[in-house]
Amino acid sequence: MRKVLAFDLGGTKFAFGVVNEDGSLLGSGRVETFADKGPAQACERVAEAAHRLLAELGLRPVDFVAIGIASPGPLDMARGCVDGSPNLPGWTGFSITEFLSNSFGGLPARIDNDCNAAALGEYRFGAGKGRKNVVYITVSTGIGGGAVIDGRLMRGANGNAAELGHIPLTMDGPSCGCGNPGCWEVYASGTAIARRTREALAAGRPSSILKFAGSLDQVTTHHLFQAMAEGDALANEIWAESINYLGRGLGAVINIFNPDVIVVGGGVTAAGDALFVPMRKSAAQYAFPRLSAVCSIVPAGLGGEVGVVGAAACALEGAQEK
Ligand SMILES: [Zn+2]
């Protein structure tokens with residue numbers, strides 16, 4: 001069975017794994033990124049750790065068809081670099097593909113946006129398996145997206161397609177990391193839900209959320225869920241608003257892509273049915289009925305391995321094209 005050596009670069013962790021062409025993981029590991037110390041150190045560390053894993057598994061670079069790398073965007077795919085990623089300062093211009101290819105016997109290496117890689121991973125091996133039009137959305141620190149349409153990953157003109165978290169919902173909302181006001185992610189990401197909760201509490205609204213969080217700056221979505229379980233009115237109100245914001249964005253996604261399925265991952269999905277049941281209803285409200293009727297909205301299937309498995313899916317696709 002063909003194998004890919006896959007890497008998932010993040011601002012805090014740099015994960016790696018040996019992935020079979022059926023999506024199964026033979027082994028995996030991770031190192032700290034220490035992003036502010038620059039790319040060369042992080043890449044050296046992850047390559048050393050991956051070499052140790054290969055030795056444990058009795059594998060050599062020649063046993064692999066390719067290297068796949070998933071990374072936060074924006075990317076310069078042709079040169080294999082990140083290009084201005086806010087969580088990877090000082091990394092712009094360093095060719096991660098070249099470094100890792102040289103470290104592993106000259107294996108061909110490709111880099112993809114992490115959410116696009118996740119979309120292809122979920123399409124091939126996860127919750128989108130068997131469907132042709134799969135949109136992946138992650139709701140965590142921000143909102144990221146990727147789309148596989150008619151069975152092909154949509155990369156766009158320079159590999160950065162489907163920045164769905166930056167769909168503008170309002171003209172004059174809170175400012176987003178991208179520089180614009182009112183993006184979807186400044187209302188509906190996990191970070192945004194926690195921020196809106198803190199704002200309501202700071203305005204003096206009574207609630208049991210503070211009891212769970214301890215103090216205002218400790219408040220996360222987890223404390224919101226705890227308060228909701230107690231029937232807290234403010235928690236329920238904020239959650240209902242959040243569902244509405246999530247539904248608006250998903251409605252736009254349905255209207256743009258006409259997907260068979262939207263696969264939703266990220267920390268906020270820990271809420272389970274309390275999220276998915278009302279969110280499906282809300283999304284349907286903001287999309288054309290003919291499009292929403294064929295679109296299911298389901299939890300992600302690949303969990304924490306989505307980055308590594310997605311990177312492998314991208315590299316396998318490249319290897320097939322040859
Ligand atoms: Zn934005």
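These notebook entries record what I looked up in a predicted model, beginning with the zinc site and moving on to helix packing.

**Entry 1: zinc coordination**

I first asked which atoms coordinate the zinc ion. I found the donors to be ND1 of His166 and the SG atoms of Cys176, Cys178 and Cys183, at 2.0 to 2.4 Å. I then looked up the geometry: the angles among the four donor atoms run from 102 to 121°, and the site is tetrahedral. I note that four donors count as tetrahedral if all angles lie between 85 and 135 degrees, so the site qualifies. For the spacing of the donor residues in sequence, I recorded the pattern H-x9-C-x1-C-x4-C. His166 and Cys176 both lie in the loop between strand E10 (152–153) and helix H4 (185–188), so this pair ties together parts that are 10 residues apart in sequence.

**Entry 2: accessibility of two zinc donors**

I checked whether Cys176 is buried or exposed. Its relative accessible area is 8%, and I entered Cys176 as buried. For His166 I read a relative accessibility of 26%, and this residue counts as partly exposed.

**Entry 3: helices H5 and H8**

I turned to helix packing, where two packed helices are described by the angle between their axes and the distance between the axes. Helix H5 (residues 190–202) packs with helix H8 (residues 233–257) at an angle of about 140°, and their axes are 11 Å apart. That angle makes H5 oblique to H8. The crossing in which H5 passes H8 is right-handed. On the H5 side, I listed Ile193, Arg196, Thr197, Ala200 and Leu201 as making the contact. On the H8 side, the contributing residues are Leu234, Ile238, Trp239, Glu241, Ser242 and Tyr245.

**Entry 4: helices H7 and H8**

I next asked at what angle the axes of H7 and H8 cross. They cross at roughly 120° and come within 8 Å. H7 and H8 are therefore oblique to each other. I noted this crossing as left-handed. From H7, Leu224, Phe225, Ala227 and Met228 meet Ala235, Asn236, Ile238 and Trp239 of H8. I remark that Ile238 and Trp239 of H8 appear in the contact with H5 and also in the one with H7.

**Entry 5: Thr221**

Finally, I located Thr221 in helix H7 (residues 221–229). With a relative accessible area of 15%, Thr221 is buried. I looked up which residues are in contact with Thr221 when neighbours within four places in sequence are left aside. I found Gly190, Ile193 and Ala194. Of these, I had already entered Ile193 among the H5 residues that make the contact with H8.

Key. Residues are numbered from 1 along each chain as its sequence is written. This is a predicted model: local features need pLDDT of at least 70, side-chain atom pairs count only at pLDDT 80 or more; totals for chains, interfaces and linings use all residues. Side-chain values use heavy atoms; hydrogens and water are left out. Donors are N, O and S atoms within 2.8 Å of the metal (3.2 Å for Na, K and Ca); water is not among the atoms, so sites may look incomplete. Four donors count as tetrahedral if all angles lie between 85 and 135 degrees; four count as square planar and six as octahedral if opposite donors are over 155 degrees apart and all others between 65 and 115; anything else is irregular. Helices (H or I, at least four residues) and strands (E, at least two) are DSSP runs, numbered from the N terminus. Buried means under 20% relative accessible area, exposed over 50%, partly exposed in between (1.4 Å probe, protein chains only). Axes are lines fitted to C-alpha atoms, for helices over the stretch in contact, and angles run from 0 to 180 degrees between N-to-C directions. Angles under 35 degrees count as roughly parallel, over 145 as roughly antiparallel, 65 to 115 as roughly perpendicular and the rest as oblique. A crossing is left-handed if the near helix is turned anticlockwise from the far one by less than a right angle, and right-handed if clockwise. Contact means heavy atoms within 4.5 Å.
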